[in-house]
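Let's take a walk through this protein together, one piece at a time. Keep the picture beside you and look for each part as we reach it.

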Amino acid sequence: MSDISFADLGLAKEVLEAVQKAGYEVPSPIQQQAIPALLKGKNLLGTAQTGTGKTAAFSLPLLSTLNFSHSTPAMLVLTPTRELSIQVAEAIQSFAIAMPKIRALAIYGGQDINVQLKALKRNISIVVATPGRLLDHIRRGSISLAKVQAIVLDEADEMLDMGFMEDVESILKEIPKNAQRALFSATMPEQVRQIVERYLGEYEEVRIEGKTATVENINQRYIMVRPQHKLEALTRVLESEDADGILIFVRTKQETAEVAEKLEARGFNAAPLSGDLAQTLRERTINRLKIGKLDIVVATDVAARGIDVDRISLVVNYDVPYDTESYVHRIGRTGRAGRTGNAILFVTPRERRLLKTIEKATRQPIAPMDMPTGSQISEKRVIAFRKKILEKIEQGDLDIFRDLIQNLASETGTPLLELAAALTALAQESQPLFPEMQELPPPDERGKGFKAENTFGLGAEENKRLRKERKEGLDGVEEGFLRYYLGVGRKDRVSPKDIVGAIAGESGISSSEIGRIKLFDKFSTVELPEGIPDPLLQILENMYIRGNPSKFRLMTEEPPKGIKEFVVRRSTSRDSVFSRKGKSNSGRIEKTSSRRRERPFKESRGDTPFRKTRRFGRH
Ligand code: AMP
């Protein structure tokens with residue numbers, strides 16, 4: 001990693017202040033390349049995935065150079081999903097923390113349009129939108145793009161893959177010709193190339209090189225985790241690994257302190273290491289780790305540079321590194337002096353692509369690891385506890401305690417074993433030997449029949465394959481899913497992409513949550529997870545697909561009017577979300593097929609709160 005600092009890049013003073021506040025130490029590789037180009041007013045094509053720091057790569061320079069004095073938006077960002085639009089708008093607002101007049105607004109399908117109409121009346125400087133809803137506003141005349149000076153297409157491949165190509169093109173046509181353009185995409189499928197050719201004009205290209213590098217004698221694993229479970233997962237991993245010295249990598253200075261503090265509070269011997277600390281303190285921390293007075297150091301890349309401590313037997317990438325170079329550098333802190341090292345990479349579903357990039361560059365598969373369970377942790381704690389008791393006995397010096405217990409036993413007539421059990425119970429109160437731990441299922445754990453992967457972070461080919469499988473259908477409805485009817489079909493020139501695009505764009509249900517789609521001439525069916533909240537169902541009922549009312553509804557006993565292909569098929573005994581909602585029964589409609597055999601629907605798990613929430617949202 002080079003030594004370029006944010007201050008070297010020529011960003012506005014206010015923006016630098018915000019970067020400082022965010023705790024970013026150095027620009028990530030994509031930022032080092034993209035920021036100077038965008039500051040010069042160039043158009044940009046960025047091959048970068050989530051986790052590389054691409055949001056700041058385009059936001060920081062555009063905040064520095066655009067003129068935000070008009071009452072209408074100066075900057076527009078298009079994103080594929082509601083969650084990403086909110087996330088990006090929030091990030092931009094935080095980068096504009098020292099620019100009080102700048103207001104970023106996320107507009108996306110699924111939110112009451114009146115709320116957005118009202119918000120758009122207040123001088124909005126930056127709009128971050130999903131294409132469908134933005135087009136809606138353009139058509140209503142509720143947004144003016146006449147003064148847009150820069151447009152960014154974020155996660156272009158995913159956006160186009162979701163069927164937003166036409167919408168994106170319509171929007172691009174509304175943007176002033178001289179506006180600066182940037183497009184970020186993890187992959188470059190044909191559709192993205194088309195957009196680049198047609199709309200990007202002359203551009204500079206920046207990409208994260210997947211430099212190949214070898215890492216030997218390091219046992220590499222990754223753990224798939226939801227962002228909100230990361231800390232809990234970290235503590236479990238730390239407890240379940242037999243490590244000596246441990247180095248944990250995070251992104252920001254604040255995080256080094258936060259994570260170290262939280263680990264300390266949970267009984268780990270941890271300390272932070274960041275550029276914020278004075279050199280002497282940093283040296284002292286590393287020295288304590290070296291001599292075993294400290295077990296865990298939580299560091300940023302910069303602070304950990306050059307750490308050479310043989311004792312480090314585990315490197316945890318708590319936050320994914322920006323690129324392979326950084327990954328190789330990080331895990332190289334273990335496996336020193338001919339020893340075998342361990343490296344564990346935390347990956348959230350949105351960061352899958354980075355995992356693939358790393359595997360490709362290191363030419364080594366990184367093995368998945370399971371989240372340590374309560375019983376595994378329990379086993380470790382019991383072993384450690386037994387060891388501690390025996391060590392204490394070995395050390396001796398127990399006379400007064402022995403007397404105390406002996407007296408208690410004879411006075412009360414309590415057997416010694418009973419007393420030992422009570423003491424054990426007391427001793428483990430702050431760290432139970434048999435903890436009841438919340439289940440942390442991997443984010444992609446789905447019912448049978450659903451692929452382990454989801455559409456996030458997969459390449460175009462894999463996505464295509466998944467879609468194809470979904471389209472062709474396996475037998476019956478996927479477990480945990482319900483089938484819905486849509487009153488649009490092939491005759492309306494509707495494709496599965498249009499359906500995915502409309503559902504994802506309007507409701508914010510992410511593309512990976514949308515199950516199999518079947519297309520017929522006059523209608524189609526789509527499988528969606530159980531437990532969709534009513535407001536979202538209403539949105540889906542009112543949405544349009546390719547200009548046609550969706551006529552979205554749960555498939556009920558009554559076949560849709562005029563449709564003969566369907567017959568009623570009752571599931572035998574199950575209690576689905578649908579029937580629980582008070583409908584008359586849990587009958588389903590299925591396409592007649594002699595090859596199909598009756599298969600009872602799986603028990604609904606929609607009443608598990610976790611399941612209900614986990615089905616939605618991107619991470
Ligand atoms: P993104 O790829 O834009 O989704 O960013 C991924 C994460 O990296 C976000 O949590 C950012 O706040 C963080 N991040 C971006 N740039 C930097 C940087 N230069 N230093 C530390 N963290 C960063």
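Which residues of H6 are buried? They are Pro131, Gly132, Arg133, Leu134, Leu135, His137 and Ile138, where buried means under 20% relative accessible area, exposed means over 50%, and partly exposed is in between (1.4 Å probe, protein chains only). Helix H6 covers residues 131-140, and 7 of its 10 residues are buried, so the helix is largely enclosed by the rest of the structure. Helices (H or I, at least four residues) and strands (E, at least two) are DSSP runs, numbered from the N terminus. Just after H6 comes Gly141, whose phi is positive, near 75 degrees.

Before going further, a word on what you are looking at: this is a predicted model, in which local features need pLDDT of at least 70 and side-chain atom pairs count only at pLDDT 80 or more, while totals for chains, interfaces and linings use all residues. Residues are numbered from 1 along each chain as its sequence is written, and side-chain values use heavy atoms, with hydrogens and water left out.

Now find helix H3, residues 54-65, which holds Leu62. Leu62 is buried, with a relative accessible area of 1%. Try locating Ile35 as well: it is 27 residues from Leu62 in sequence, yet the two C-alpha atoms are 8.7 Å apart in space.

Next, look at the loop between strand E5 (150-153) and helix H7 (156-161), where you will find Asp154. Is Asp154 buried or exposed? Asp154 is buried, with a relative accessible area of 0%. Its side chain makes a polar contact with the side chain of Lys54, at 3.0 Å. A polar contact is a pair of N or O atoms within 3.5 Å; within protein, one must be able to donate a hydrogen and the other to accept it, and residues adjacent in sequence count only if both atoms are side-chain atoms.

Let's turn to a sheet. Seen strand by strand, this open sheet of 7 strands has the order E10-E11-E9-E12-E13-E8-E14, with parallel pairing. Its edge strands are E10 (270-273) and E14 (367-368), each of which pairs on one side only. Two strands pair if DSSP finds at least two bridges between them.

Strand E13 (residues 341-347) is a good place to pause, with 6 of its 7 residues buried. E13 pairs with E8 in the parallel sense over 7 bridges, and strand E12 (residues 312-317) pairs with E13, also in parallel, over 4 bridges. In the pairing with E12, Val316 stands opposite Ile344 of E13. Gly341 belongs to E13 too, and it is buried, with a relative accessible area of 0%. Gly341 and Asn217 are 124 residues apart in sequence, but 6.4 Å apart in space, C-alpha to C-alpha.

Strand E8 (residues 218-224) also runs parallel to E14, joined by 2 bridges. Follow Tyr222 here: its bridge partner in E13 is Leu345, while in E14 it stands opposite Pro368.

For a contrast in direction, move to strand E17 (residues 524-529), where 6 of 6 residues are buried. Strand E15 (residues 481-486) runs antiparallel to E17, with 6 bridges joining them, and Tyr485 stands opposite Thr525 in E17. Strand E16 (residues 517-519) is antiparallel to E17 as well, joined by 3 bridges; there, Ile517 stands opposite Val526. E16 and E17 form a hairpin with 4 residues between them.

Our last stop is the ligand. How many residues surround the ligand? There are 15, and the closest are Tyr24, Gln31, Thr55, Arg251 and Tyr322; a residue counts as near if one of its heavy atoms lies within 4 Å. The shell draws at least three residues from each of domain 1 (6-207) and domain 2 (218-373), with bounds that come from an automatic or database domain assignment.

Some individual atoms are worth finding. An oxygen atom of the ligand is 2.6 Å from an N or O atom in the side chain of Thr55. A nitrogen atom of the ligand lies 2.7 Å from a polar side-chain atom of Gln31, and a nitrogen atom of the ligand is 2.8 Å from a polar backbone atom of Val26. Taken alone, the ligand exposes 490 Å², and the protein buries 79% of that; accessible areas come from the Shrake-Rupley method with a 1.4 Å probe, and for residues only the protein chains shown count as cover.
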